Amino acid sequence: MKSKYEADKNGYYGQFGGAFIPELLFPNVKELEDNYLKIMESTSFKKEFTSLLKDYVGRPSPLYFAKRLSAKYGANIYLKREDLNHTGAHKINNTIGQILIAKHLGKKRIIAETGAGQHGVATATVCALMDLECVVFMGEIDIKRQAPNVARMKMLGATVVPATSGSKTLKDATNEAIRDWIGNSGDTYYLIGSVVGPHPYPDMVARLQAVISEEIKKQLQEHTGKSNPDTIIACVGGGSNAAGAFYHFLDDKDVELIAVEAAGLGVDSGESAATSVLGDVGVLHGSKTILMQDEYGQVIEPYSISAGLDYPGIGPLHAYLNESKRAKFMNATDQEALDAAYELTKIEGIIPALESAHALAVLKKIEFKENQVVVVNLSGRGDKDLETYIKYLNG
Ligand SMILES: *Cc1c(COP(=O)(O)O)cnc(C)c1O
């Protein structure tokens, strides 16, 4: 039986999802929709994907029993080490998968949009690997704010195109990418970085990231003799690392799923990215979901100290998990995330990405039963956030 947490044939999870796109994009999206599952189920795709995840990305990523963290919180806490992947986060699982799909479709040119530059770097990386042209759209302001990632993309051979309209940030870069895709439909593939966008992107990206929970099941079985944890915790920007960590547990009702959003300076401060609390139903990036919007349906600029969580919506799967209460949504402020990052570094010797630190920050807010088995998805490493961490240390 098909899971009720899987997208239906029109890409809906309950009332959320679908493909709200301009008519001119319809042929591109339809081509992908008609082919993605066939490609993903083909032997040649599976072989290439598995082999690159193993030898290029370094999978399986370890499931590490964090002994001192466990002692501190009175639970058995395991960290899924996506921070150890090539390029330092889970994003590479998705870009490897989609670049292979693009190649199967015969595409020659890859476009992407990026906010902080992490998805841009992951895309430029796989384009270099596959010798495909790469164009990354990025808001003019973000280009200034994220110089090291812009340099990485350029070194990897990508063209970085500034989006100069509107607020000159992520949503403007997205508009530019969509405009480009309309103009170059034949040879161009639009590589989206999270479980967002029109159907089939959310479903496709969730399936590509599902390798995370597939591995967790096996690794937990080895560690504990049981494949299911009591609780899984993951941070949510668009929701791809959480979707991957939850995927193979969605129908296992005994597994508690916790999604952690960025509260920024506080949920009610006006400077936040806690979409499940502050948002309501609307259309963002081609799908019906929940997003932060004003009374005219215009997107409200989110805020978080962590660039990867600074997104005004969540993917449609997460909107559904929230509405149906299958997942519990929590949040952590900038300060709580910083404290959690310092704590993990001091007691386990692991510097987490600021995004992942939000997931760690809720450990303090949960009352654990004795021996409760908890998996925290450590979505990325903290090297990219060092400047912020140093500022916090000195401040
Ligand atoms: C981009 C990013 C995120 C947020 O994206 P999701 O699609 O919600 O997973 C989380 N952690 C890290 C390290 C990231 O780079």
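Visitor: Which of the residues around the ligand come nearest?

Guide: This is a predicted model. Of the 16 residues around the ligand, Lys91, Ser194, Gly239, Ser240 and Ser379 come nearest. A residue counts as near if one of its heavy atoms lies within 4 Å of the molecule.

Visitor: What makes the pair between the ligand and lysine 91 a polar contact?

Guide: The cut-off for a pair of N or O atoms is 3.5 Å. An oxygen atom of the ligand is 2.6 Å from an N or O atom in the side chain of lysine 91, so the pair is within the limit of 3.5 Å.

Visitor: Which other residues have a polar atom at 2.7 Å or 2.8 Å from a ligand oxygen?

Guide: For glycine 237 the partner is a polar backbone atom, 2.7 Å from an oxygen atom of the ligand. For asparagine 241 an N or O atom in the side chain is 2.8 Å from a ligand oxygen. Both values are within 3.5 Å.

Visitor: How much of the ligand is buried by the protein?

Guide: Taken alone, the ligand exposes 380 Å². The protein buries 97% of that area.

Visitor: What classes of residue make up the shell around the ligand?

Guide: The shell has four nonpolar, 10 polar and two charged residues. Gly is counted among the polar residues here.

Visitor: How do you know what confidence the predictor has in the chain?

Guide: The scale of pLDDT runs from 0 to 100. The mean for the chain is 96, and 100% of its residues reach 70 or more. Confidence is lowest in helix H6 (residues 140-145), at a mean of 90. Confidence is highest in strand S14 (residues 373-378), at 99.

Visitor: Why are strands S3 and S13 said to stand at the edges of their sheet?

Guide: The sheet is open, with six strands in the order S3-S4-S14-S9-S10-S13 and mixed pairing. Strand S3 (63-65) and strand S13 (327-333) each have a single partner strand, so one side of each lacks a neighbour in the sheet. From one strand to the next, the twist averages 25 degrees.

Visitor: What makes S9 and S14 a pair?

Guide: At least two bridges are needed for two strands to pair. Strand S9 (residues 231-235) is joined to S14 by three bridges, so the condition is met. The two strands run parallel. Isoleucine 232 has valine 375 as its bridge partner in S14.

Visitor: Why are S7 and S8 placed at the edges of the other sheet described here?

Guide: That open sheet has four strands in the order S7-S6-S5-S8, with parallel pairing. Strand S7 (159-163) and strand S8 (188-190) each have a single partner strand, so one side of each is left without a neighbour in the sheet. Neighbouring strands are turned by 25 degrees against each other on average, direction ignored.

Visitor: How many bridges link S5 and S8?

Guide: Strand S5 (residues 109-114) pairs with S8 over three bridges in the parallel sense. Arginine 109 stands opposite threonine 188 in S8.

Visitor: Which peptide bonds are cis?

Guide: One joins arginine 59 and proline 60, with omega about 0 degrees. Proline 60 lies in the loop between helix H2 (43-57) and S3. Another runs from histidine 199 to proline 200, with omega near 15 degrees. Proline 200 is in the loop between S8 and helix H9 (201-209).

Visitor: What is notable in the backbone of threonine 87?

Guide: Phi of threonine 87 is near 75 degrees, a positive value in a residue other than glycine. Threonine 87 is in the loop between strand S4 (76-81) and helix H4 (91-104).

How values were computed. Residues numbered from 1 in each chain as written. Predicted model: local features only at pLDDT ≥ 70, side-chain atom pairs only at ≥ 80, totals over all residues. Heavy atoms only, no water. Polar contact = N/O pair within 3.5 Å; in protein donor to acceptor, adjacent residues only side chain to side chain. Areas by Shrake-Rupley, 256 points an atom, 1.4 Å probe, with all protein chains shown as cover. Axes fitted to C-alpha atoms, helices over the stretch in contact; angles between N-to-C directions.
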